[in-house]
Amino acid sequence: MIAVILAGGFGTRLKEKTKNIPKPMLKIGGLPILERQINLLKKYGVKEIIILTHYLSEVIEKYFKDGGGFGVKISYFKEKEPLGTAGGFKEIENKLRDDFLIIYGDTMLNIDLSRLIAFHKKNNGLATLVLHPTDHPYDSDLVEIDKNQRIIAFHPKPHFKNQYFRNLVNTAVYAMSPKILRYIEKGVKADFGKNIFPKIFKKEALYGYRTAEYIRDVGTPARLLEVNRDYKSGKTERLNIKNKRAAIFIDRDGTINRHVDQLCKFEDFHLLKETAEAVGRINDSEFLAIAITNQPIVAMGLCSIEKLGQIHNKMETLLGKKEAKLDGIYFCPHHPDYGEKCNCRKPEIGLVKMAEKDFNIDLEKSYFIGDSWRDILCGKNAGLTTIGVRTGRGCRGINIKPDYFAKDLLAAVNLIINKKHGIK
Ligand SMILES: [Zn+2]
């Protein structure tokens, strides 16, 4: 596979820092971001790289030359005038015979590229967009995917009150088929995210690849500092999915939101007052935040999967307004009295196992927080440390004892994070 790196940006928001060097040459842990990207590509066997340049292109070319010194083969294409993120691709069309990767030159990333490439090849879409939840969905362009991860809508900002969307944004890391080039006009300025994808997603298959791995742009001085800090602490590397991560699994009704019997209208969904702060604290740690919920109302015919999706969109939107995000939401729609017994209804551990596989979770270092015996038993069955909260059903009248009790979700999260892994 070939990779194309877009390195033509001006870096206007970085002002002084990019006066004499282009943004992709800014250093992270002592090496230019571009070099970090090239090292990552090489590690995953992508050794043919095209760099699209414009602003201060000579600095980049002088540093990397033909790539030989870095163990890869690099060619350059200098845009005479900036053509947006897509426009320049028409100029290098003859070099793009097979599927290729696209990375923006101001993005620090450490993701398992072989997993992304395998996903892209399996689905065989025109493009695969790497997506992740953000802590500021309210002012981001959002992407909607279906259960097969095909993209079914784009929701550009601004978003209005009472509009509830999933918290998923385009990270601008892509795998693409060269067939997409037929949608790009030669010499016309165009952007993949703004002009190309929204125009074609209805007739062409575009897929979203979700990941919780490290992907951040360094567009502002504050972010450049933060990315440097993350690199030096090892976080950038630790978040690569090849490394196991610990998770905090959280029950939904009565733990995240106010308990309502058979909640099936999104109007009835209200976060408990400590929830956003609690989830935000998880996000600031390196734990994953994953909701695990039984929703037998689907099997009972009281709520469709679509309506349940709206409720979850509201949950994500309300959290997002307070800069908190869930890495995953898993639900069991079944009930043994309405169809067959499944392996995902808590206290069964099917959903935990699914998340374990999706995120490469270290169950031994992970936790389950919930308000009912089903949560606690599910946590125990999966080998997790369990914390019972006093909100919702409050773990009342149960004889299965959690490892710890806490008054609410925030107290439970504080217990975990303050004590780190030494909780037991
Ligand atoms: Zn189930």
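**Helix α2, a zinc site and some parallel strands**

Reader: Which residues of helix α2 are buried?
Author: Helices here are DSSP runs of H or I with at least four residues, strands are E runs of at least two, and both are numbered from the N terminus. Buried means under 20% relative accessible area, exposed means over 50%, and partly exposed is in between (1.4 Å probe, protein chains only). By that yardstick, the buried residues in α2 (residues 57-64) are Ser57, Ile60 and Phe64.

Reader: Why do they sit on the same side of α2?
Author: An α-helix has 3.6 residues a turn, so residues three or four places apart point the same way. The arc is taken from the directions running from the helix axis to the C-beta atoms. Ser57, Ile60 and Phe64 share a side of α2 because their arc around the axis is only 65°.

Reader: What kind of model is this, and which pLDDT do local features need?
Author: Residues are numbered from 1 along each chain as its sequence is written, and side-chain values use heavy atoms, leaving out hydrogens and water. The model is predicted, with totals for chains, interfaces and linings using all residues, side-chain atom pairs counting only at pLDDT 80 or more, and local features needing pLDDT of at least 70.

Reader: Which elements do the buried residues of α2 pack against?
Author: Contact means heavy atoms within 4.5 Å. On that basis, the partners of the buried α2 residues are β1 (2-7), α1 (33-43), β4 (48-53) and β5 (73-78).

Reader: Glu48 lies in β4, so which residues does Glu48 contact beyond its neighbours within four places in sequence?
Author: Glu48 has 37% relative accessibility, so it counts as partly exposed. Its C-alpha atom is 49 Å from that of Asp375, a residue 327 places away along the chain. Leaving aside those sequence neighbours, Glu48 touches Met1, Ile2, Ala3 and Lys73.

Reader: What arrangement do the 4 donor atoms make around the zinc ion?
Author: Donors are N, O and S atoms within 2.8 Å of the metal (3.2 Å for Na, K and Ca), and since water is not among the atoms, sites may look incomplete. The protein donors are Cys332 (SG), His334 (ND1), Cys342 (SG) and Cys344 (SG), at 2.1 to 2.3 Å from the ion. Four donors count as tetrahedral if all angles lie between 85 and 135 degrees. The angles here are 101 to 117°, so the arrangement is tetrahedral.

Reader: Is Cys342 buried or exposed?
Author: The zinc donors follow the spacing C-x1-H-x7-C-x1-C. His334 has 31% relative accessibility, so it is partly exposed. Cys342 comes out at 16%, so it counts as buried.

Reader: Which residue stands opposite Tyr330 in β16?
Author: Strand β16 (residues 328-332) has Gly328, Tyr330 and Cys332 on its covered face, with Ile329 and Phe331 on the uncovered one. Strands pair if DSSP finds at least two bridges between them, and β16 runs parallel to β15 (residues 288-294) with 5 bridges. Opposite Tyr330 stands Ile292.

Reader: What handedness does the β-α-β unit of β17, α11 and β18 have?
Author: β17 (residues 367-370) and β18 pair in parallel over 4 bridges. A crossover is right-handed if, with the strands pointing away from the viewer, the path from the first strand over the helix to the second runs clockwise. With helix α11 (residues 373-381) between the strands, this unit is right-handed.

Reader: How many residues of β18 are buried?
Author: One side of β18 (residues 385-389) carries Thr385, Ile387 and Val389, the other Thr386 and Gly388, and both faces are covered. The buried count is 5 of 5.

Conventions: Four donors count as tetrahedral if all angles lie between 85 and 135 degrees; four count as square planar and six as octahedral if opposite donors are over 155 degrees apart and all others between 65 and 115; anything else is irregular.
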